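The following exercises are to be worked with the sequence and the model at hand. Each task is followed by a solution in steps.

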Amino acid sequence: MNMPSVPRVARSRFGVLPDGSEVERVLLQCDGGLEARIITYGASLQALLVPDVAGRRDDIVLGHDSFEGYLARRQFFGATIGRYANRIAGARFMLDGAEVQLAANNGSNSLHGGLEGFDRRNWRIVRIEDGNRPAVTLAYSSADGEEGYPGALDVEVTWRLTGPMELSLDMTARTDRITVVNLTNHSFFNLSGACSGQNILDHRLTVAADHFLAIDAGAIPLPQPPSAVEDTPFDFRAGVEIGTRIRNDHPQLRVGRGYDHNFCLAPSSDDARFAARLAAPTSGRVLELFTNQPGLQVYSGNFLDGSIAGKGGRLYRQSDAICLEPHAWPDTPNRPDFPTARLSPGEIYRHTTLYRFTHAIQGAIGTQSAVELPGGSGR
């Protein structure tokens, strides 16, 4: 007699928008202990529970326990960002000889899609998959002219547990008119636990990039080629504790108030190549990030100022978490020397990111040694 399989997906109500629309939450879980909770508002990763070296599960992403916190103030916690992640200088660009004027919401610049980006939209659930690779697919249709962007854009985002300790994120977009597209996820990670009371300055970060983009006071890339990381506080190629050099007297650390820079990932023919590794000494958790995107924005939580209460009623402060955001380089529509973010009718925009969790051998954080958590996929 075959025993019924245990459901790995649960769907429930998470909140209600002022117009009465329901915000749902989908829980994905697997035998290894990994559990992801996705809400339809912003197609956001609301919680991510990961076992530590001793098998204890903790939520490792910042956010809110209830929907009211997400609605009260825009903070991008775990959200899908679009139509264009990061910044576009002057909130304008030229596209095939015509000027595109966007909504300015970051001084004179456009940030993370404008005044009401994809993170402020209630996405619809189009597909839920149970079984060994549980998944949820959400969709949003952005109208032609929304926030100033040309073309109607149909977007789908799929969150999937691809292994006992792997979470994948796949995004696609199609347009009916030439436009620009740059999507990402904006999760704030703390591998010690979102309610641990510890910051991320002791986390060891590795970034597979020889160059980064220097920025001006508005966080717009300077009009120069990418800068070499060698002999700077931006050299994470061999793995460095985040706090080691974050307060060095370097002009780019001053202008960014810490790390808030795009790292230029090495070109690769792989669909998802290694981009970064984050390791926490207290919990032993290790996050490895793989992506097909050309850039990785590293943001050390510089503007968390204690004015927001998050999960467990904790006030979020500077360096309480770090964002690792794979996407196109900032201000690409104004920089023909940068990799393009252009999308034409008939083409499909594809973004793939894989989050793989392992745990470090005790005492080996500094040597980059790691082994899988119980039940790891070994991919």
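A nonpolar core is a set of buried Ala, Val, Leu, Ile, Met, Phe, Trp, Tyr and Cys residues joined through side-chain atoms within 4.5 Å. Buried means under 20% relative accessible area. The model examined here is predicted.

**Exercise 1. Nonpolar cores**

Task: Determine how many residues the largest nonpolar core has and which residues have the most contacts inside it.

Solution.
- Step 1. The largest nonpolar core holds 64 residues, and L48 and W159 have the most contacts inside it.
- Step 2. Strand β13 (residues 153–163) supplies the largest share of this core, with five residues.
- Step 3. A second core, separate from it, has 17 residues, including L17, F188, A194 and L304.
- Step 4. The general background is that nonpolar side chains tend to be buried together in soluble globular proteins.

**Exercise 2. Overall dimensions**

Task: State how the radius of gyration of the protein relates to that of a compact globule with 379 residues.

Solution.
- Step 1. For 379 residues, a compact globule would have a radius of gyration near 21 Å.
- Step 2. The protein has 20 Å, which agrees with that value.
- Step 3. The C-alpha trace spans about 65 × 50 × 45 Å along the principal axes.
- Step 4. Of the 379 residues, 59% count as buried.
- Step 5. The secondary structure consists of two helices and 31 strands.

**Exercise 3. The hairpin of β8 and β9**

Task: Identify which residues of strand β8 form its covered face and which its uncovered face, then describe the pairing with β9.

Solution.
- Step 1. In a regular strand, side chains alternate between the two faces of the sheet.
- Step 2. In β8 (residues 92–95), F93 and L95 make up the covered face, whereas R92 and M94 make up the uncovered one.
- Step 3. Strand β9 (residues 98–101) pairs with β8 in the antiparallel sense, over four bridges.
- Step 4. M94, on the uncovered face of β8, stands opposite E99 in β9.
- Step 5. Two residues lie between the strands of this hairpin, in which D96 takes a positive phi near 55°.

**Exercise 4. Unusual backbone geometry**

Task: Locate the cis peptide bond that involves R83, and decide whether D231 and S319 are buried or exposed.

Solution.
- Step 1. Most residues other than glycine have a negative phi, and most peptide bonds are trans.
- Step 2. G82 and R83 are joined by a cis peptide bond with omega of about 10°. R83 belongs to the loop between β6 (79–81) and β7 (87–88).
- Step 3. D231, although not a glycine, has a positive phi of about 65°. The loop between β20 (227–228) and β21 (240–241) contains D231.
- Step 4. The relative accessible area of D231 is 78%, so D231 is exposed.
- Step 5. S319 is likewise not a glycine and has a positive phi of about 70°. S319 is in the loop between β27 (315–317) and β28.
- Step 6. With a relative accessible area of 4%, S319 is buried.

**Exercise 5. Pockets**

Task: Describe the volume and lining of the largest pocket and of the second largest pocket.

Solution.
- Step 1. The largest pocket has a volume of about 550 Å³. Its lining has 29 residues, and R87, L111, D260, Y299 and F303 are the closest to its centre.
- Step 2. Two or more lining residues come from each of α2 (251–256), β25 (295–299), β26 (305–309) and β28 (322–327).
- Step 3. By class, this lining of the largest pocket has 10 nonpolar, 11 polar and eight charged residues.
- Step 4. The volume of the second largest pocket is about 220 Å³. Among its 13 lining residues, Q293, T340, A341, Y349 and R350 lie nearest its centre.
- Step 5. The elements giving two or more residues to the lining of the second largest pocket are β29 (342–343) and β30 (349–360).
- Step 6. The lining of the second largest pocket divides into eight nonpolar, three polar and two charged residues.

**Exercise 6. Cavities**

Task: State how many cavities of 30 Å³ or more the count gives, and describe their linings.

Solution.
- Step 1. The count comes to two cavities of 30 Å³ or more.
- Step 2. The largest cavity encloses about 110 Å³. Its lining has 13 residues, of which Y70, R73, Q75, F76 and F77 lie nearest the centre.
- Step 3. This lining of the largest cavity comprises five nonpolar, four polar and four charged residues.
- Step 4. The second largest cavity has a volume of about 40 Å³. Residues lining the second largest cavity include R87, D260 and H261.
- Step 5. Strand β22 (residues 260–265) gives the most to the lining of the second largest cavity, with three residues.
- Step 6. R87 and D260 line the second largest cavity and are also among the residues closest to the centre of the largest pocket.

Technical notes. Residues numbered from 1 in each chain as written. Predicted model: local features only at pLDDT ≥ 70, side-chain atom pairs only at ≥ 80, totals over all residues. Heavy atoms only, no water. 1 Å grid on protein atoms, 1.4 Å probe; cavity = no way out; pocket = protein on both sides within 12 Å on 5 of 7 lines; lining within 4 Å. Points joined across faces, edges and corners; volume = space filled by probe spheres on them. Nonpolar A, V, L, I, M, F, W, Y, C, P; charged D, E, K, R; others polar. Buried < 20%, exposed > 50% of the residue type's maximum accessible area, 1.4 Å probe, protein only. Pairing = 2+ DSSP bridges. Rg over C-alpha atoms; globule rule 2.2 N^0.38 Å.
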